[in-house]
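The following note is offered to a colleague beginning the study of protein structure. Please read the numbered points with the sequence and the model side by side.

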Amino acid sequence: MVQVLGPIRFLVLLWIPTFTASQQHQVHVTVSTDSVVHEVDDMFVGVTIDSYILRAGFERHHLSSPNLQKLVKELVPSYLRVGGTSADHVVFDPHATQHSSNAASPFKLLAEDWDILNKFVHNTGVKLIFDLNILLRKQGKWDPSNAELLLKYSSQKGYHIAGFELGNEPNVFHHNANITLSDAQLANDFAQLKRVLQGTSYKSSLIVGPDVTVTHASGVKGFLSHGGASAVDVVSFHHYYVNGETSKVSDFSHPATLDSLVGLVKSAIAAVHAVAPGKPVWLGETASAYKGGTPNASDRYASGFLWLDKLGVSARYGIKGVLRQVLLGGKNGLISSSNDPLPDFWLTVLYKRLVGNKVFDVHSSTKNLRIYAHCIKHTNMYNYKPGSVTVYVLNVNTASAQLHFPHLHSQHHMDVFWLTPDWGNVEAGKVHLNGKLLTFVNSQIPQLSPKTVTTGSVTAPGKSFGFIVMPDANVAACKSQSHGPIIG
């Protein structure tokens with residue numbers, strides 16, 4: 001919803017040095033604070049765990065690890081979606097005591113592993129969204145009997161489940177499951193899920209779907225028009241920029257790669273709202289590269305260009321939730337399999353701490369600087385007062401940029417949280433904040449402290465990104481914010 005407020009507008013001037021010492025290219029950027037173009041909530045950024053982990057159980061992933069739980073607590077409030085291709089092979093068996101063989105499909109979800117997952121959810125404070133197996137079918141329809149068994153067990157245990165999905169990327173079932181579900185049948189299956197939940201203690205849980213790829217956005221209209229719109233609370237899409245097997249690290253900061261998301265997001269939202277106006281839209285599974293990620297890029301500093309820009313684009317154009325694939329392990333992970341925070345973990349923590357609900361429009365004449373602006377997060381550990389503004393900037397150029405904010409009250413007091421790669425190498429697995437290496441040692445999260453700048457300008461090094469807080473901006477729209485969930 002767009003809110004029209006007082007006629008406040010500020011101008012951001014950026015001087016980008018070129019290799020010609022005698023001349024600088026000056027870029028004018030306008031951040032419009034006279035209206036709020038969209039709002040997100042504190043649950044906007046979430047995480048996922050891939051269902052394939054359930055095949056062998058949680059032993060090697062150590063969900064009970066105090067270190068892992070401490071790291072995850074830095075990301076709350078947050079949804080934790082457990083889903084993926086393997087979700088359509090999971091069968092809950094409360095009596096089984098051994099995992100299925102690696103080759104088995106479908107495979108058993110043990111009560112022990114379900115208990116471990118729900119204890120992890122309880123201890124960390126994340127909100128669980130679980131993807132149910134839609135390929136359990138009888139006479140052409142989804143068979144809910146195994147889901148009902150899981151719901152009954154969970155209710156008896158007192159587990160809170162914030163939401164459910166049904167199936168993963170049904171638009172590609174004809175490739176990987178040798179089955180095709182029509183829009184009408186898919187909608188009927190979701191309607192059946194809704195009926196099942198109504199008879200349980202989970203009748204208020206979200207229903208999220210249909211989890212199709214964002215390139216299939218136009219196809220979601222059929223699902224929604226056949227009854228899906230009344231069955232789901234959130235319409236979800238999946239998005240990856242590149243193929244992890246063929247992409248290069250240079251793709252991760254290339255303007256063409258970054259630009260590719262905007263049209264897809266606009267098309268997805270338009271397709272949904274054409275049938276179900278106002279229905280929230282999520283990127284319910286998303287990362288840099290499909291097929292497991294790009295080596296030396298998806299779990300390195302370079303990934304931050306795609307991740308931060310995705311958050312900026314999504315908030316700017318009306319996406320209400322972005323769930324990062326994945327929380328643990330893999331080349332797309334936020335946290336390594338040995339429970340070490342990876343570069344995008346630190347970026348996500350800063351985003352969670354600094355970026356608030358209300359989104360402003362930003363105009364720039366260059367693609368080498370990508371700039372987004374929000375109100376400050378209303379409740380923040382840095383004690384920034386209401387009225388403050390957070391700007392986040394990605395400099396995808398190799399040259400540094402000098403950022404000036406001459407028309408802001410805060411031009412002589414800006415707090416900078418700038419992330420740069422170790423040794424200046426975007427393929428680095430370590431990241432610096434304002435020049436200080438970030439490490440997780442002795443179970444301690446380091447102080448993520450800003451550098452205060454009083455010179456009226458901020459330097460953005462080439463191939464880097466960061467956040468700038470303007471504590472004295474005194475923007476009227478930012479003086480009051482809600483931070484409860486918009487949905488869920």
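A disulfide is a pair of cysteine sulfur atoms within 2.5 Å. The model discussed here is predicted, and the points below begin with its disulfide.

1. The disulfide. A search of the whole structure finds one disulfide. Its partners are Cys375 and Cys478, with an S to S distance of 2.0 Å. The bond links distant parts of the chain: Cys375 belongs to strand E19, Cys478 lies in the segment after strand E27 (464-470), and 103 residues separate the two. The torsion about the S-S bond of Cys375 and Cys478 is about -80 degrees, and the disulfide is therefore left-handed. Both Cys375 and Cys478 are buried.

2. The surroundings of Cys375. Strand E19 (369-376) is mostly covered, since eight of its eight residues are buried. Strands of a sheet pair through backbone hydrogen bonds, either parallel or antiparallel. E19 pairs with E18 in the antiparallel sense over three bridges, and Phe360 stands opposite Ala373 in E19. E19 is also joined to strand E20 (residues 389-395) by seven bridges, again with an antiparallel course. There, Arg370 has Leu394 of E20 as its bridge partner.

3. The barrel. Eight strands form a closed barrel in the order E6-E7-E10-E13-E14-E15-E16-E17, with parallel pairing. On average, neighbouring strands of this sheet are turned by 30 degrees against each other, direction ignored. One pair in the barrel is strand E6 (residues 45-50) with strand E7 (residues 79-83), parallel over four bridges. Within that pair, Ile49 has Val82 in E7 as its bridge partner.

4. Strands E15 and E16. These two barrel strands pair in the parallel sense over eight bridges. The bridge partner of Phe237 is Leu283 in E16. How many of the 10 residues of E16 are buried? Nine of them are, so E16 is largely enclosed by the rest of the structure.

5. The largest pocket. Rolling a probe the size of a water molecule over the atoms shows where empty space is left. The largest pocket holds about 620 Å³ of space. Its lining consists of 31 residues, and those nearest its centre are Tyr240, Glu285, Tyr290, Lys291 and Gly292. At least two lining residues come from each of helix H5 (173-176), strand E15 (234-243), helix H8 (255-275) and strand E16 (281-290). Which element gives the most to this lining? E15 does, with four residues. By class, the lining of the largest pocket comprises 10 nonpolar, 16 polar and five charged residues.

6. The second largest pocket. This pocket contains about 390 Å³ of space. It is lined by 16 residues, of which Tyr317, Val362, Arg370, Ile371 and Tyr372 lie nearest its centre. H8, helix H9 (303-317), strand E18 (355-364) and strand E19 (369-376) each provide at least two residues of the lining. E18 gives the most, with five residues. The lining of the second largest pocket has eight nonpolar, three polar and five charged residues. Two elements deserve a second look: H8 contributes to the lining of the largest pocket, and H8 also contributes to that of the second largest.

7. Cis peptide bonds. Most residues other than glycine have a negative phi, and most peptide bonds are trans. Against this background, a cis peptide bond joins Val76 and Pro77, with omega about 5 degrees. Pro77 is placed in the loop between helix H2 (66-73) and E7. The peptide bond from Gln325 to Val326 is also cis, with omega near 5 degrees. Val326 is placed in the loop between strand E17 (321-324) and helix H10 (343-354).

8. Positive phi values. Lys291 is not a glycine, and its phi is positive, near 60 degrees. This residue sits in the loop between E16 and H9, and Lys291 is also among the residues nearest the centre of the largest pocket. Asn434 likewise has a positive phi, of about 50 degrees, although it is not a glycine. Its place is the loop between strand E23 (431-433) and strand E24 (436-437). Is Asn434 buried or exposed? Asn434 counts as partly exposed because its relative accessibility is 28%, and partly exposed covers the range between under 20% and over 50%.

Methods: Residues are numbered from 1 along each chain as its sequence is written. This is a predicted model: local features need pLDDT of at least 70, side-chain atom pairs count only at pLDDT 80 or more; totals for chains, interfaces and linings use all residues. Side-chain values use heavy atoms; hydrogens and water are left out. Two strands pair if DSSP finds at least two bridges between them. Axes are lines fitted to C-alpha atoms, for helices over the stretch in contact, and angles run from 0 to 180 degrees between N-to-C directions. On a 1 Å grid over the protein atoms alone, a cavity is a set of points where a 1.4 Å probe fits but cannot get out, and a pocket is an open set with protein on both sides within 12 Å along at least five of seven lines; lining residues have an atom within 4 Å of a point. Grid points are joined across faces, edges and corners, and a volume is the space filled by probe spheres set on the points. Ala, Val, Leu, Ile, Met, Phe, Trp, Tyr, Cys and Pro count as nonpolar, Asp, Glu, Lys and Arg as charged, and the others, Gly among them, as polar. Buried means under 20% relative accessible area, exposed over 50%, partly exposed in between (1.4 Å probe, protein chains only).
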